[in-house]
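Thank you for making time for this today. I would like to walk through one protein model with you, slowly, and I will assume that nobody here has seen it before.

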Amino acid sequence: MIKSKNKSTLKNFNLDVLDLDLNEELIYAQPTFWRTASYRFEELKEETLKYFRRHPLIGYSFKRIIYGLLTLIVSIAIVFFLVNFVTPDSSYLPDVSELGKMGIGTSGPKYDAFLQTRLELFGVSGNAIERLLRYFKNIIPFIPKHILVGQSVIFPNASNLSDSQIIINTVLFTGGQVDGLLKTGSKELIDAITISASYKTVWVYLGVVKSSSMGMPGSTEVTSLFASAIPYSFGIGSVAVLFSYLIGIPLGIEAAKRKGKATDGAINGTATFLLAVPSLVIVISIYLISILVFGHSSIFSSGSFWTRFWPVVALVILMAPTTIILTRRYVVDEMTADYTKFAYAKGLGESKVFYVHIFRNAGVRILRELPLDLAFTLFGASILTETQWNIPGMSQLIINGVNNRDSFVILGFITFASLVKIAATLVSDLFMVLMDPRVKLSGR
């Protein structure tokens, strides 16, 4: 009975007479902007992960660059707030005596208007957050910046103006962003004043050097200052790195080949001793030897070739010990590897095993440090030598910037040094690909 009843019900069931409405269900299937964007993002993310899985070295280098940029952003923010905390706004003004000659004084409306003009010209107006965001915008290379580089103001006859209007004229004559200050004057004054400003478009703007001039202050840009100092630091640093490798690598190889013998003890012990001696002691010793023993000049710019040679000697003595010790360690590691024992078992000669197998693999690890050493020398190791010989390089800029509490010089140095270090890291990874056939961009 039950089976016959169910069979009859199914036989009489007709879909055409049913009132079915699926519009409410279709609402959830209709694409929206956010759902489409989410799908596209997930698809892009999956494709990116697949690409990095196929090219592990590129993914590794990409992560290092991203982490380096994040560290750079945090470092800039921390240094920015520290420098701004110890740098009062009044440090952007000329000397008090110059302010007195202009009748501005050290307080009051005249002083406030003049200070605001200077802050706007230097790009440090507003609160600390606004300054930081403006600085990040200026160093991002994808956004063009229109920078004020010159300004002239033609005033009406001062005898026909009131005292307050003459003060406005005086403030305007110092340069700066005058549009906001003009709002404080009368319409007659605004119509009578002729302003001629010149701008230039740049992609990266590191700010201007702090200046106390009464005219157009801050005319020296940080990028121009760096452009004049980098050749000195890079020239001395690159030559020193080259000599330290030419000296350190053969000595490190010789120490590794004579492991445990007197030659190894002498080379490794000397390198360790030089690393233990304070860098300042080494630099001052070389400096005094060059003057007292060889009679060379103590000023880099006014001396002969040999005066310029001694700073390189000091840097080589500072850097070569590290190259010797690392080379010895890398070579010893390769000498104890299984492939080395197998090569000797095949009857290969000692020279062929060493230079074809051992040093080839150890050299990859040694030369990988070359770009990083160049970056370190350019922004770190040369500080003592440049200071001692009064070399107009990057180290002098950062020292003067700290002494003068010049925020743009300090931040520019940190930004540029970090970018060079990130680029050196990328070049170091590419060296691995070029020199080591076992390392490939693709994982296949």
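**A walk from one tryptophan to the cores**

Let me begin with a single side chain, W310, which counts as buried because its relative accessibility is 12%, and the cut-off for that word is under 20%. Please keep in mind throughout that this is a predicted model, so everything I say describes computed geometry.

W310 has a partner, and the structure holds eight aromatic pairs in total. In the pair of F309 and W310, the ring centres lie 6.2 Å apart and the planes meet at 65 degrees, so this pair is edge-to-face. F309, for its part, is partly exposed, since its relative accessible area is 29%. Elsewhere, F80, F81, Y135 and F408 come together as one aromatic cluster.

Let me now step back to the whole chain. It has 444 residues, of which 36% are buried, and it is built with 20 helices and two strands. If we take the contacts between residues at least 6 apart in sequence, 74% of them join residues at least 24 apart. The accessible surface comes to about 26,000 Å², and 64% of that belongs to carbon and sulfur atoms.

Turning to the interior, how many residues does the largest nonpolar core have? It has 38, and those with the most contacts inside it are I76, Y135, V222, F226 and M394. Among the elements that give two or more residues to this core are helix 4 (56-86), helix 7 (128-139), helix 11 (222-257) and helix 20 (407-435). There is also a second, separate core of 18 residues, which includes A240, V312, V313 and I391.

F226 deserves a closer look: leaving aside residues up to four places away in sequence, F226 touches L206, M394, L397, V409, G412, F413 and F416. Y135, which I mentioned among the residues with the most contacts in the largest core, is also a member of the aromatic cluster.

Nonpolar side chains are found on the outside too. L280, I284, L288, I289, L292, V293, F294 and L384 form a nonpolar patch on the surface, with about 720 Å² of accessible area together. The largest share of this patch, six residues, comes from helix 13, which covers residues 279-293. One patch member in helix 13 is I289, and I289 is described as partly exposed because its relative accessible area is 35%.

Finally, the charged side chains. Side chains of opposite charge can pair when their charged atoms come close, and a search of the whole structure finds two salt bridges.

In one of them, R258 pairs with E254, with the closest N and O atoms 3.4 Å apart. R258 is partly exposed at a relative accessible area of 31%, and E254 is likewise partly exposed at 28%.

In the other, R328 pairs with D264, and here the closest N and O atoms are 2.7 Å apart. R328 lies in helix 14 (residues 305-335) and D264 in helix 12 (residues 262-276), so this salt bridge ties together parts that are 64 residues apart in sequence. Where the R258 and E254 side chains are partly exposed, both R328 and D264 are buried.

That is where I would like to stop, and I am happy to go back to any part of the model.

How values were computed: Residues are numbered from 1 along each chain as its sequence is written. This is a predicted model: local features need pLDDT of at least 70, side-chain atom pairs count only at pLDDT 80 or more; totals for chains, interfaces and linings use all residues. Side-chain values use heavy atoms; hydrogens and water are left out. A nonpolar core is a set of buried Ala, Val, Leu, Ile, Met, Phe, Trp, Tyr and Cys residues joined through side-chain atoms within 4.5 Å. Buried means under 20% relative accessible area, exposed over 50%, partly exposed in between (1.4 Å probe, protein chains only). Helices (H or I, at least four residues) and strands (E, at least two) are DSSP runs, numbered from the N terminus. Contact means heavy atoms within 4.5 Å. Patches are made of residues with over 30% relative accessible area and no salt bridge: like charges are joined within 9 Å, nonpolar side chains (Val, Leu, Ile, Met, Phe, Trp, Tyr) within 5 Å. Accessible areas come from the Shrake-Rupley method with a 1.4 Å probe; for residues, only the protein chains shown count as cover. A salt bridge is a side-chain nitrogen of Lys or Arg within 4 Å of a carboxyl oxygen of Asp or Glu. Rings of Phe, Tyr and Trp (its six-membered ring) pair if their centres lie within 6.5 Å; planes under 30 degrees apart count as stacked, over 60 as edge-to-face and the rest as tilted.
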